[in-house]
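Please open the model in your viewer and keep the sequence panel beside it. The tour below proceeds by selections, each followed by a description of what is found there.

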Amino acid sequence: WGPLGHSVVAELAQRHLSPVAEAEVEHLLALDHTQSLADIASWPDEIRNDPKQQTLWKQTRGLHYIDFDGDCTYTPPRDCKDGQCVVEAISHYIDILGDRSQSDQARLQALKFVVHFIGDIHQPLHANYQQDAGGNKYQVQFQGQGTNLHRVWDSGMLSTRKLDWKGYAALLDSEGFAPLPPPIAPLANAPAQWAEESCQITRNIYPASHKIDQAYVDAELPVADTRLREAGRRLAEVLNLTLQNG
Ligand code: DCM
Ligand code: DCM
Ligand code: DCM
Ligand code: ZN
Ligand code: ZN
């Protein structure tokens, strides 16, 4: 997702933190002089794109997605060599976030990656099985401009709602908007399951022609919204579980 999608996921989670998790999040975010998860949600993209920081963070580029190699059944190491994919990255940073022997700085950094990557893994094209760089190589026309299918899903479709992240999160949080995802069980298997869901969705999101029209947005924006809602609620649950001991 772009900055809007990531902030929406983070804000949805923020609204559903337990009191204990909320206090711990507040404690960690205070190191960055900020108070909301939405503020830090795009940080892994910012460091990735900042030329001054690129050498330091280059090895995180591959952690924003997973390319399934053949079908949508998560099969390591086929789909995640050396743990370099979003599925294993989420588990890795959840472990650091929950480890009280780590420094607060390390745990804050882990929090930023957890918030961001749980967003990305729910963007269907971040867990694709068609070998086209997550739809980046699939060129399309959208709103009279040339772009690619990945960007339409990261940000183009979401921006058609003309809502800021607070308004968008409130909309997705409204009663009966979409069914809530079932509770996470167990946590260890969850990221692989979320990636497999995304991969299955990509089977049905390639447009009939290389033009994205209103009918496509009408059909697919609700799918994107549902994924944002699931990501936000699951992120809250992960943080509530990981930070439950204060
Ligand atoms: N992005 C940006 N500015 C930011 C954060 C992200 O331009 N502050 C862009 C860079 C990525 C895209 O958003 O191409 C989304 O990346 P991802 O889907 O990996 O989060
Ligand atoms: N950051 C952010 N939004 C904020 C505060 C911080 O996105 N309101 C991100 C961008 C910085 C990183 O956190 O690169 C570290 O921030 P700081 O230098 O304040 O510790
Ligand atoms: N991306 C993806 N799958 C890939 C390659 C890239 O989902 N196989 C995502 C990561 C960014 C966006 O596409 O959100 C642009 O990636 P990059 O800036 O690395 O080209
Ligand atoms: Zn993306
Ligand atoms: Zn990302």
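## Lysine 112 and its surroundings

Begin by selecting lysine 112: apart from residues up to four places away in sequence, it touches Asp32, Ile40, Trp43 and Pro44. The model on display is a predicted one. Lysine 112 belongs to helix 7, which spans residues 104-122. Is this lysine buried or exposed? Lysine 112 counts as buried because its relative accessible area is 7%, and the limit for a buried residue is under 20%. Next, display the side chains of lysine 112 and aspartate 32, which are joined by a polar contact of 2.7 Å.

## Ligand 2

Keep lysine 112 on display and add ligand 2. Which residues surround this ligand? They are Asp32, Thr34, Asp39, Trp43, Glu46 and Lys112. Sorted by class, this shell consists of four charged residues, one polar residue and one nonpolar residue.

Three distances may be drawn here:

- From the side chain of lysine 112, an N or O atom lies 3.0 Å from an oxygen atom of ligand 2.
- From the side chain of tryptophan 43, an N or O atom lies 3.3 Å from an oxygen atom of ligand 2.
- At aspartate 39 the partner is a polar backbone atom, 3.0 Å from an oxygen atom of ligand 2.

On its own, ligand 2 has 440 Å² of accessible area, of which the protein covers 53%.

## Ligand 1

Now centre the view on ligand 1. There are 14 residues around this ligand, and those that come nearest are Trp1, His6, Asp45, Arg48 and His126. Select histidine 126, where a polar side-chain atom is 3.0 Å from an oxygen atom of ligand 1. Add aspartate 120, whose side chain places an N or O atom 3.2 Å from an oxygen atom of ligand 1. Then add histidine 64, for which the corresponding side-chain distance to an oxygen atom of ligand 1 is 3.3 Å. How much of the accessible area of ligand 1 does the protein cover? The protein covers 69% of the 460 Å² that ligand 1 has on its own.

## The nonpolar core

Hide the ligands and turn to the interior. In soluble globular proteins, nonpolar side chains tend to be buried together. The largest nonpolar core of this model has 74 residues, among which Leu37, Ile66 and Leu111 touch the most other members. Colour helix 11, residues 214-242, which gives the most to this core with ten residues. Then select leucine 111; residues up to four places away in sequence aside, its contacts are Leu28, Leu29, Leu37, Leu97 and Leu239.

## Helix 11 and helix 9

Remain on helix 11 and select asparagine 240, which is found there. A polar atom of the asparagine 240 side chain lies 3.2 Å from the backbone oxygen of histidine 16. Beyond its neighbours within four places in sequence, asparagine 240 is in contact with His16, Leu17, Ser18 and Ala21.

Proceed to alanine 169 in helix 9. Alanine 169 counts as buried because its relative accessibility is 0%. With neighbours within four places in sequence set aside, alanine 169 is in contact with Val8, Glu11, Leu12 and Arg15. For a sense of scale, draw a line between the C-alpha atoms of alanine 169 and asparagine 136: these residues are 33 apart along the chain, and the atoms are separated by 27 Å.

## Backbone geometry in the loops

The final selections concern the backbone. Most residues other than glycine have a negative phi, and most peptide bonds are trans.

Select proline 76 and proline 77, which are joined by a cis peptide bond with omega of about 0°. Proline 77 lies in the loop between strand 1 (66-67) and helix 6 (86-97). A cis peptide bond also joins alanine 185 and proline 186, with omega of about -15°. Proline 186 is found in the loop between helix 9 (165-172) and helix 10 (190-202).

Next, select glutamine 143, which has a positive phi of about 50° although it is not a glycine. Glutamine 143 is placed in the loop between strand 3 (139-142) and strand 4 (145-148), and its relative accessibility of 60% makes it exposed. End at lysine 162, where phi is positive, near 55°, in a residue other than glycine. Lysine 162 lies in the loop between helix 8 (149-159) and helix 9. With a relative accessible area of 75%, lysine 162 is exposed.

Notes: Residues are numbered from 1 along each chain as its sequence is written. Chains are lettered from A and ligands numbered from 1 in the order in which they are written. This is a predicted model: local features need pLDDT of at least 70, side-chain atom pairs count only at pLDDT 80 or more; totals for chains, interfaces and linings use all residues. Side-chain values use heavy atoms; hydrogens and water are left out. A nonpolar core is a set of buried Ala, Val, Leu, Ile, Met, Phe, Trp, Tyr and Cys residues joined through side-chain atoms within 4.5 Å. Buried means under 20% relative accessible area, exposed over 50%, partly exposed in between (1.4 Å probe, protein chains only). Helices (H or I, at least four residues) and strands (E, at least two) are DSSP runs, numbered from the N terminus. Contact means heavy atoms within 4.5 Å. A residue is near a molecule or strand if one of its heavy atoms lies within 4 Å of it. A polar contact is a pair of N or O atoms within 3.5 Å; within protein, one must be able to donate a hydrogen and the other to accept it, and residues adjacent in sequence count only if both atoms are side-chain atoms. Accessible areas come from the Shrake-Rupley method with a 1.4 Å probe; for residues, only the protein chains shown count as cover. Ala, Val, Leu, Ile, Met, Phe, Trp, Tyr, Cys and Pro count as nonpolar, Asp, Glu, Lys and Arg as charged, and the others, Gly among them, as polar.
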